[in-house]
Amino acid sequence: MPQSAGKICFILPNFHLEFRGGAETQCFFLAQELLRRGWEVHYLRESSQPETKVMEGIVVHSIPKKKAYLKWQLDAAIGAKMAEIKADIWYNRATLAYLPAIVKHARRCGGKVAFAFSRDSQFSYAEFRDTYQKPYMKAYATWEQFWFFRALRRTPLILAQTRTQLRLLRERLGLDGVHIYNAHPSAPDSGPQPPREALILWIARITHYKHPELFVELARRMQGQPFRFVLIGKLEQDELSRQLQEAAAAQPNLTLAGEQSQAEVHAWLRKARALVSTSDVEGFSNTFIEAWLRGVPVVSRLVDPDGIIGDFRLGAVHADLDDMRRILEELLRDEAAWQEMSQRCAAYARAHFDLAEAVTKLEAALRGEALPQAAVLHS
């Protein structure tokens with residue numbers, strides 16, 4: 001048998017094939033490319049089922065499921081699994097509460113710890129607290145982030161999704177890291193492209209800081225026009241989802257599509273004219289990359305990772321809903337302008353968010369090699 005390139009273990013609360021979040025999607029893509037390069041890939045996630053199983057070539061292990069404010073109790077379980085797996089690399093993303101345990105147990109088990117930031121809010125106590133609504137969760141978030149920052153200072157490799165995150169890491173924490181953009185497989189779709197429709201999409205997890213209600217309001221302000229608004233995201237048994245359902249029932253131009261598979265999301269994007277983001281904070285949204293790869297401009301309320309939407313005209317950024325409405329109307333009614341922007345989006349995405357290139361950078365960072373300048377700055 002050929003010698004393994006190494007053994008890596010991803011440590012997140014969820015696995016992509018069981019829960020489709022942004023961090024989970026990125027780690028799954030990285031895992032698949034590392035498998036192709038000869039790595040032995042393990043994955044540690046929370047589950048009510050304790051068995052270890054192989055999924056898409058990845059050895060998936062389990063620790064008990066815990067509520068968000070109890071994840072610190074998983075210290076012993078994480079340590080026991082790390083001792084069993086004995087990885088060369090421990091790759092943590094998304095959940096800050098795991099990092100203190102991972103750093104502590106890596107000293108005993110061996111292996112290099114890498115932490116990858118998800119959202120810009122993870123660099124600030126106040127901004128991180130504000131991603132939660134309940135008072136007890138806000139208090140817990142402050143405690144969690146204190147211990148996370150302590151562990152981060154003992155973490156050998158810190159990965160940033162954007163140059164902005166790299167700057168925040170240096171300015172707020174006095175630490176250095178490596179910037180590698182999120183990435184996707186280079187061939188997004190096959191087969192003939194369907195005709196584009198007057199379709200405007202919102203695709204995200206339905207939570208308060210992503211503000212789906214603003215997308216609903218945008219649709220309301222554009223009633224009577226030949227545009228169809230589709231909101232894609234899992235509806236929960238909560239007040240926000242109930243409000244969205246009531247609004248959709250009253251607005252004929254608005255559809256709640258619910259949770260969709262990745263293939264279904266890509267099918268929507270292949271038909272769409274624009275993707276709207278109303279989120280307060282992101283890191284580097286996977287959905288932006290998925291849209292751009294399929295020639296779909298992004299109209300964002302606040303989020304513009306590294307300023308590339310504005311700098312490279314991959315859509316538009318406007319905090320005011322009426323400005324967003326105006327941009328959408330202009331873009332969707334001017335076919336030549338839309339075609340030009342669509343082609344620019346696809347070309348930029350193919351050039352800057354290629355999965356194979358991202359994993360080459362990751363492997364170099366794991367070996368402690370300096371990345372070439374071209375790998376750090378976009379052209």
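Colleague: Leaving aside its neighbours within four places in sequence, which residues is Leu 201 in contact with?

Modeller: This is a predicted model, in which local features need pLDDT of at least 70, side-chain atom pairs count only at pLDDT 80 or more, and totals for chains, interfaces and linings use all residues. Residues are numbered from 1 along each chain as its sequence is written, and side-chain values use heavy atoms, with hydrogens and water left out. If contact is taken as heavy atoms within 4.5 Å, then the partners of Leu 201 beyond those neighbours are Phe 215, Val 230, Trp 268, Leu 269, Ala 272, Ala 274, Leu 275 and Val 276.

Colleague: Which helix gives the most residues to the largest nonpolar core?

Modeller: A nonpolar core is a set of buried Ala, Val, Leu, Ile, Met, Phe, Trp, Tyr and Cys residues joined through side-chain atoms within 4.5 Å, where buried means under 20% relative accessible area, exposed means over 50%, and partly exposed lies in between (1.4 Å probe, protein chains only). The largest such core has 56 residues, and those with the most contacts inside it are Ile 200, Leu 201, Phe 229, Trp 292 and Phe 353. Helices (H or I, at least four residues) and strands (E, at least two) are DSSP runs numbered from the N terminus, and the helix that gives the most to this core, with six residues, is H12 (residues 321–333).

Colleague: How many residues does the other core have, the one that lies apart from the largest?

Modeller: In soluble globular proteins, nonpolar side chains tend to be buried together. Here a further core lies apart from the largest one; Cys 27, Leu 157, Ile 180 and Leu 362 are among its members, and its size is 32 residues.

Colleague: Which residue is the bridge partner of Ile 200 in strand S10?

Modeller: Two strands count as paired if DSSP finds at least two bridges between them, and five bridges join S9 to S10, which run parallel. Strand S10 (residues 228–232) is largely enclosed by the rest of the structure, because four of its five residues are buried. Across this pairing, Ile 200 has as its partner in S10 Phe 229.

Colleague: What are the edge strands of the open sheet of eight strands?

Modeller: The order of the strands is S3-S4-S2-S1-S5-S6-S7-S8, with mixed pairing. Inside this order, S6 (residues 112–116) and S7 (residues 157–160) pair in the parallel sense over three bridges, with Ala 116 opposite Leu 159. Each edge strand pairs on one side only, and these strands are S3 (53–55) and S8 (178–179).

Colleague: Is Arg 45, which meets Glu 18 in a salt bridge, buried or exposed?

Modeller: A salt bridge is a side-chain nitrogen of Lys or Arg within 4 Å of a carboxyl oxygen of Asp or Glu, and the N to O distance for Arg 45 and Glu 18 is 2.7 Å. The pair links distant parts of the chain, 27 residues apart, with Arg 45 in strand S2 (residues 40–46) and Glu 18 in the loop between strand S1 (7–11) and helix H1 (22–36). Glu 18 is partly exposed, at 43% relative accessible area, whereas Arg 45, at 1%, is buried.

Colleague: How many residues apart in the chain are Lys 210 and Glu 282?

Modeller: Their side chains meet in a salt bridge at 2.6 Å, N to O, and both residues are buried. Lys 210 lies in the loop between strand S9 (199–203) and helix H7 (212–221), while Glu 282 lies in the loop between strand S12 (274–277) and helix H10 (286–293), and the separation in the chain is 72 residues.

Colleague: How many salt bridges does a search of the whole structure find?

Modeller: One further example is Arg 163 with Asp 306, whose closest N and O atoms are 3.7 Å apart. There is also a network of salt bridges linking Glu 217, Arg 220, Arg 221, Asp 322, Arg 325 and Glu 329. For the whole structure, the search finds 29.

Colleague: Which residues of helix H9 are buried?

Modeller: The cover over the buried residues of H9 includes H1, S9, S10, strand S11 (254–258) and H10. Within H9 (residues 262–271), the buried residues are Gln 262, Val 265, His 266, Trp 268, Leu 269 and Arg 270.
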